[in-house]
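Work through the exercises below with the structure open beside you. Try each task before reading its solution.

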Amino acid sequence: MTTTTRVIDTDVAIVGGGIMGASAALALRRKGVDVVLLERDLCGSRSSGVNYGGVRRQGRPVSQLPLAQRAHQVWANLPALIGTDGEYQRSGHFKIGRSEADMAALEAYANLSRDFDLGIQLISGPTLRERCPWLGGRAVGGSLCPDDGQANPRLVSPAFALAARRAGAQILERTPMTSMEHDGKLFTVRSGNAVAVRAPVLINCAGAWAGTLAAQFGEAVPIHSGHPAMAVTEPLPFFMHWSLGVEGGGIYCRQVARGNLVLGGGSGVALDADRARSERSAIATLAVQAVELLPALKNAHFIRTWSGTEGYLPDRQPVLSKSSTTPGLVHGFGFAGAGFQIGPGVGEVLAELARDGRSTTPIEAFAIERFLPDPQAAVVEVASTAAAH
Amino acid sequence: MTASTLQPVIVGAGPAGIRAAQALVAHGVRSVVIDEAARSGGQIYRRPPAHFARSAQTLYGTEAPRATALHSTLDGLTAHIDYQPNSLVWNAQAGLLDVLHGPTQTTRTVPYGQLIVASGATDRVLPVPGWTLPGVYTLGGAQVALKFQGCTIGRNVVLMGTGPLLYLVAYQYAKAGAKAGVKVAAVLDTARFGDQLAALPGMLTQPAVLAKGLYYVGWLRAHGVAVHTGVRPVRVEGDTRVNAVVWSDGQAEHTVPCDAVGFGYALRSETQLADLLGCRFAWDPMHRAHLPERDGAGRTSVAGVYLAGDGAGIMGADAAEWAGERAALALLADHGVKVDAARAAELERKLTKLMPFRQGLERAFPFPTDWAAHAPDALVVCRCENITAGELRACARDAGADEMNRLKALTRVGMGRCQGRMCGVAAAEILAQATGKPIDQVGRLRGQAPIKPIPIHLQAQAAAAHDTPAEATA
């Protein structure tokens, strides 16, 4: 028996159906561009679907804020765009300070980000206790960004893929990429003998697994996988609107409308290249920090723990750029556990890069070249060596 | 490796766990036996609190000699094992178990070199409208009330569903109730009488067990208990608690007034621990479930991890005793301890010989494969999260969910306190029905720690021993 490979010709092929790839597919369809997306599992079933669900601009590097602001507009239109609000709420994000040094850092950030009108308010002293009586004693104050918030990643990320499909994108799930060729003009992405997708433009949104694809085009980057430890409590009476973080990191926490508290912090462990889990020490550390942050949680129960596999680059900034080696190749990966909020903005930027070759949003900080040997520097070095002789 | 360097842990002190511990002791090997219950015996031979004074005959009926033998076996072993009752294994990682001790509310980590998982089973639940009303229990729950606390779930009780436990519980209730004024209002079996006749040839391979089953049915009928077969449960009625059950015989609906209901459809294995340990699972058509794979001796796909008893497929208490002993012998032999090969072979033979009877049981009390088709959209499938059959169907239809973990992610089914232990079977049936996929193709919910909810402050205690700096993220 012979199998016939299904060949699909399209304008743009996307590898990876997380929130980046799926929102890029949707943005491309809205521009009328033909697009095929390959996802090895189910769209939004990996990091995009199992992350904490923070929709937060506050605390991002200033270089990410234009992108975050762009995404902020997309989040505002979520129901019209993807057919669900995905439990998105501009509930406020409160970053806690536990020392005067923390408060100074929060104030410095408020000043640094002033141009972006995040509306940050610093809260401390009696006002803090008045507004959040549930907060543990170590908090001395914090920084509130009222229009930041939270959403349910289990709903939002798959919904982007579903919306892209409804808009005419071909979304091929359970379709792992097994080979990739480029003949100078067309990329051919194969999934075994089942399907071959040919396109002049390829978007690499393969998340923690994107490094392999980049390396194939001479762009090996120092990406590594991280595994945030996550846990959720049973539903508790609703008491906390804000999504909480802590200056300097350590723990983050939010209460969903159903009443459960979702907590994250520390690192889980990889079971293999694809799967990860929160293990005992991470859960225990999370428990200590949770009770310190919110003493009322002492007698609550964790009912479930989990982790995911996320791509990190050394500077904790993503790669979001055109390829430096291969015309038509676009990268969007390595979001360092903080990609959910900017995801819908990244999708729009990727669509611009794919169609127009440039983005209206500044993304210079995320160029892949920052990890590659600098050809200019090599030339300069040769020149200076020559001059010395 | 010699016997003295082994570090075996047995999870569960029911028939399988006790016999496993005994076999290890017989070879000079001390084991840790961790059991969730306060006293050994498992669910089937559950013992009442120590100060209760009811005879074994009263508690276990015809099973009294077996129960007594097992209890005295474990009692006799206590000097040779490290027996840890009241202890729930809530997490497992290679070589380590996390254990919650109920009475002291402390958690500890127990290392293991080898592990025998004898985690047992719970009722298999297929919801019926009204099942969340106060007064509705599982059959196993109804039995536990009687065996452990010496009380009944009501004074006028309907027992419903199918499986051997249905008639056993009915018999026990009718017998115990005769003195106390407790009545079995009706036994409603979804299996047809014809199913039971067709199953006779296979069941004749275990004539003594078959005779017991027939005895229960005969006794019930002789004592005027209404026993209906070929029943379809329609709904449980009541305002603040149950006051009637409505069932259909295919032609007409009938109402039985009652003040409590016990229901269930045979048993389902507790497989979360095997899942967390990374054991490979496979679809088992007879059990209509994904089960951890085990060879005839109980070896799993993970070296050093063994399974015994109903936790890896429902074979009953006698088989659990044999499988527990067999797994222990496999553990010993795999680590260089000399064992009686003839005894090992005999145990495997006994287990194999039980299969025709086991298959006969499945024919006599078949799973109601039309349950999902009859489940109304308004039926609550997941009681923790209040998710209805209609919501599950809509998710399959509108969002294309065709796999259990995706269904969970999109609807919250199985995301509550029970983590799908109670609702998982029913949700899979609804998903298969809604998608038209065969039931074995819709997958299974991934196991995630904790196996049962754990107080946060207990996990915080454990942090003292594992203090690691946290990494900032999100």
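The exercises go from confidence, to sheets, to the interface, to unusual backbone spots in this predicted model.

**Exercise 1. Find how far the model can be trusted, and where it should not be read in detail.**

Step 1. Start with the complex. The predictor gives an ipTM of 0.92 and a pTM of 0.93.

Step 2. Take chain A. Its mean pLDDT is 93, and 95% of its residues reach 70 or more.

Step 3. Take chain B. Here the average pLDDT is 92, with 96% of the residues scoring at least 70. Residues 466–474 of chain B fall below 50, yet this stretch has 26 contacts in the model beyond near neighbours in sequence.

Step 4. Look for a weak stretch in chain A. Over residues 378–389 of chain A the pLDDT stays under 50, and the model has 0 contacts for them beyond four places in sequence.

Step 5. Draw the conclusion. Where pLDDT is low, predicted coordinates should not be read in detail.

**Exercise 2. Trace the open sheet of 4 strands in chain A and name its edge strands.**

Step 1. Write down the order: E1-E12-E11-E10 of chain A, with mixed pairing.

Step 2. Pick the strands that pair on one side only. These edges are E1 (6–9) and E10 (179–182) of chain A.

Step 3. Add the twist. From one strand to the next it averages 15 degrees.

Step 4. Check one pair. E1(A) runs parallel to E12 (residues 195–199) of chain A, over 4 bridges. Within that pairing, Val7(A) has Ala196(A) in E12(A) as its bridge partner.

**Exercise 3. Do the tracing again for the open sheet of 6 strands in chain A.**

Step 1. The order is E9-E3-E2-E13-E24-E23 of chain A, and the pairing is mixed.

Step 2. The edges are E9 (170–172) and E23 (319–322) of chain A.

Step 3. The twist averages 15 degrees from one strand to the next.

Step 4. Go to the E9 edge. E3 (residues 35–38) of chain A and E9(A) are parallel, with 3 bridges. Val36(A) stands opposite Gln170(A) in E9(A).

**Exercise 4. Describe the interface of chain A and chain B.**

Step 1. Count residues. 48 residues of chain A are in contact with 43 residues of chain B.

Step 2. Turn to area. About 3900 Å² is buried between the two chains, and carbon and sulfur atoms give 51% of that. On the chain A side, Arg154(A), Arg280(A) and Arg304(A) lose the most area to chain B, together 20% of what that side buries.

Step 3. List the polar links. The interface has 4 salt bridges. One salt bridge joins the side chains of Arg174(A) and Asp402(B), at 2.8 Å from N to O. There are also 16 residue pairs in polar contact across the interface.

Step 4. Assign elements. Several in chain A supply at least two residues each, including helix H7 (153–166) and strand E21 (301–306). H9(A) gives the most, with 9 residues.

**Exercise 5. Find the unusual backbone at Arg174(A) and at Pro450(B).**

Step 1. Recall the rule. Most residues other than glycine have a negative phi, and most peptide bonds are trans.

Step 2. Place Arg174(A) in the loop between E9 and E10 of chain A. Its phi is near 50 degrees, a positive value.

Step 3. Place Pro450(B) in the loop between helix H16 (424–435) and strand E23 (454–455) of chain B. The peptide bond joining Ala449(B) and Pro450(B) is cis, with omega about -5 degrees.

Methods
Residues are numbered from 1 along each chain as its sequence is written. Chains are lettered from A and ligands numbered from 1 in the order in which they are written. This is a predicted model: local features need pLDDT of at least 70, side-chain atom pairs count only at pLDDT 80 or more; totals for chains, interfaces and linings use all residues. Side-chain values use heavy atoms; hydrogens and water are left out. pLDDT is the predictor's confidence in each residue, from 0 to 100. Contact means heavy atoms within 4.5 Å. Two strands pair if DSSP finds at least two bridges between them. Axes are lines fitted to C-alpha atoms, for helices over the stretch in contact, and angles run from 0 to 180 degrees between N-to-C directions. Buried area is the accessible area (1.4 Å probe) that two parts lose on being put together, summed over both. A polar contact is a pair of N or O atoms within 3.5 Å; within protein, one must be able to donate a hydrogen and the other to accept it, and residues adjacent in sequence count only if both atoms are side-chain atoms.
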